[in-house]
Amino acid sequence: MPLLESDILDALKKVVDPDLHRDIVTLGFVKEIQIDEGAVSFKVQLTTPACPVKEQLQAECEGVVLALPGVTGVVVEMTAHVRQRDAKQDDLIPDVKHCIAIASGKGGVGKSTCSVNLAIALAQAGARVGLMDADVYGPSIPLMMGAQNEKPYTLGNKIIPIQRYGIHMMSLGFLLEEGQAVLWRGPMVAGTIRQLLADVEWGDLDYLLVDLPPGTGDAPMSLAQLAPVSGVVIVTTPHHIAANIAGKSVQLFRRLNAPIMGVIENMAGFACPSCGTVTQIFAGTTGEELSTQLKVPYLGSVPLDPSVSEASDRGVPAIVAHPGSAQSLAFKEIAGRVAQQASIMALTRKDLIKPGDIAKLPKFSPAE
């Protein structure tokens with residue numbers, strides 16, 4: 001009997017996305033099946049170019065199709081199309097598929113460092129990425145991205161973002177004079193957040209990461225109310241105080257109906273460069289413990305290394321300055337997990353997966 005397209009689809013139903021808990025045929029991932037006698041080719045269109053299980057799914061697809069009688073060869077092309085979030089009628093960023101807030105309860109946990117490196121990791125994976133510095137009182141993104149001397153220009157009535165490392169970015173820091181302090185009250189902060197969203201030509205982006213100031217003040221609330229936030233990533237360190245205040249941030253966003261994507265633990269164990277021994281410098285609540293307490297996914301941990309902050313001070317993020325380091329590998333894996341969370345939430349809203357499946361996400365650690 002000749003090989004049919006239905007035979008290929010039936011075989012591919014055995015391939016289940018480990019995060020979405022559905023087979024790739026039901027999810028609509030399989031595209032453009034072609035059969036030339038025994039040679040089979042098709043595309044698998046994932047929900048993000050940063051999918052952390054892309055290679056695993058490709059291998060499984062090849063295996064189940066090769067097992068069919070009459071198949072002599074299989075070519076699987078892995079592609080991606082980021083699913084659009086639910087847009088509102090008065091959407092300030094209609095061409096941005098996912099707006100992801102990076103937040104923390106307190107300062108000093110490396111939230112901006114995580115924002116910068118995650119943005120670059122997503123861009124390196126093939127996504128179109130923007131980075132918005134919403135820390136109006138202490139904008140640090142320009143310095144960390146080596147663009148502190150750049151000034152944006154306008155085209156028509158829109159501000160054109162500064163570009164670095166494949167990222168479209170905007171910060172109040174680009175508009176201030178060096179050393180100028182911001183002395184604003186709440187309404188002015190909310191107005192600035194609105195302008196950074198609506199008056200910037202962000203373009204067609206897969207992800208817009210928003211680096212929020214620490215705490216639970218005007219900027220986080222304004223963002224959650226003004227922008228259709230796909231989700232919030234909480235950054236913490238292994239300190240009881242950091243975990244406690246991070247929990248308060250989670251409570252704020254939950255009250256504002258902003259989904260929590262998960263917890264990142266920054267400044268985790270320090271690996272000795274000479275002997276490789278890992279030492280836990282801080283002995284407080286870990287990111288994994290915090291995620292369990294808050295009942296949200298644990299996205300992973302980033303090891304403590306002075307080279308990360310040193311690279312940021314030079315305006316060259318760690319993922320660019322030290323691409324093969326443990327820190328860079330951690331950022332890349334965590335970026336994949338963040339992207340996958342955005343996909344899960346988008347598919348949940350479209351009723352393609354059950355909301356309860358989000359709680360079934362496996363524990364994740366870059367060290368595994």
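**Exercise 1. Determine which elements are joined by the salt bridge between Lys 97 and Asp 206, and state whether these two residues are buried or exposed.**

Step 1. Lys 97 and Asp 206 meet through their side chains in a salt bridge with an N to O distance of 3.9 Å, where a salt bridge is a side-chain nitrogen of Lys or Arg within 4 Å of a carboxyl oxygen of Asp or Glu.

Step 2. Lys 97 belongs to strand 6 and Asp 206 to strand 12, so the pair ties together parts that are 109 residues apart in sequence. Helices (H or I, at least four residues) and strands (E, at least two) are DSSP runs, numbered from the N terminus.

Step 3. Both Lys 97 and Asp 206 are buried, a word that stands for under 20% relative accessible area, with exposed meaning over 50% and partly exposed in between (1.4 Å probe, protein chains only).

A note on the basis of these values: the model is predicted, so that local features need pLDDT of at least 70 and side-chain atom pairs count only at pLDDT 80 or more, while totals for chains, interfaces and linings use all residues. Residues are numbered from 1 along each chain as its sequence is written, and side-chain values use heavy atoms, with hydrogens and water left out.

**Exercise 2. Find the other acidic partner of Lys 97, Asp 204, and describe the network of salt bridges to which both residues belong.**

Step 1. Lys 97 also forms a salt bridge with Asp 204, and here the closest N and O atoms are 3.5 Å apart.

Step 2. Because Lys 97 lies in strand 6 and Asp 204 in the loop between helix 5 (186-198) and strand 12, this pair ties together parts that are 107 residues apart in sequence.

Step 3. Lys 97 counts as buried at 8% relative accessibility, whereas Asp 204, at 41%, counts as partly exposed.

Step 4. Lys 97, Asp 204 and Asp 206 are linked with Arg 128 in a network of salt bridges, and the count of salt bridges in the structure comes to nine.

**Exercise 3. Place strand 6 in its sheet and identify the strands with which it pairs.**

Step 1. The sheet is open and consists of eight strands in the order 10-11-7-12-6-13-14-17, with mixed pairing; two strands pair if DSSP finds at least two bridges between them. Strand 10 and strand 17 (298-303) are the edge strands, each pairing on one side only.

Step 2. Neighbouring strands of this sheet are turned by 25° against each other on average, direction ignored; axes are lines fitted to C-alpha atoms, for helices over the stretch in contact, and angles run from 0 to 180 degrees between N-to-C directions.

Step 3. Strand 6 pairs with strand 12 (residues 205-211) in the parallel sense over six bridges, and among the bridge partners are His 98 with Tyr 207 and Ala 101 with Val 210.

Step 4. Strand 6 also pairs in the parallel sense with strand 13 (residues 229-236), over five bridges, and Cys 99 stands opposite Val 229 in strand 13.

Step 5. Strand 6 (residues 96-103) is mostly covered, eight of its eight residues being buried. Helix 7 (residues 240-255) packs on the sheet and touches strand 6, strand 13 and strand 14 (260-268), its direction making about 170° with that of strand 13; contact is taken as heavy atoms within 4.5 Å.

**Exercise 4. Describe the sheet with the order 3-4-5 and the helices that pack on it.**

Step 1. This open sheet has three strands and mixed pairing. Strand 3 (30-36) and strand 5 stand at the edges with a single partner strand each, so one side of each is left without a neighbour in the sheet.

Step 2. From one strand to the next, the twist averages 10°.

Step 3. Strand 3 pairs with strand 4 (residues 39-46) in the antiparallel sense over five bridges, and Asp 36 stands opposite Ala 39 in strand 4.

Step 4. Helix 1 (residues 5-12) packs on the sheet against strand 3 and strand 4, its direction making about 130° with that of strand 3, while helix 2 (residues 54-66) touches strand 4 and strand 5 and makes about 150° with the direction of strand 5.
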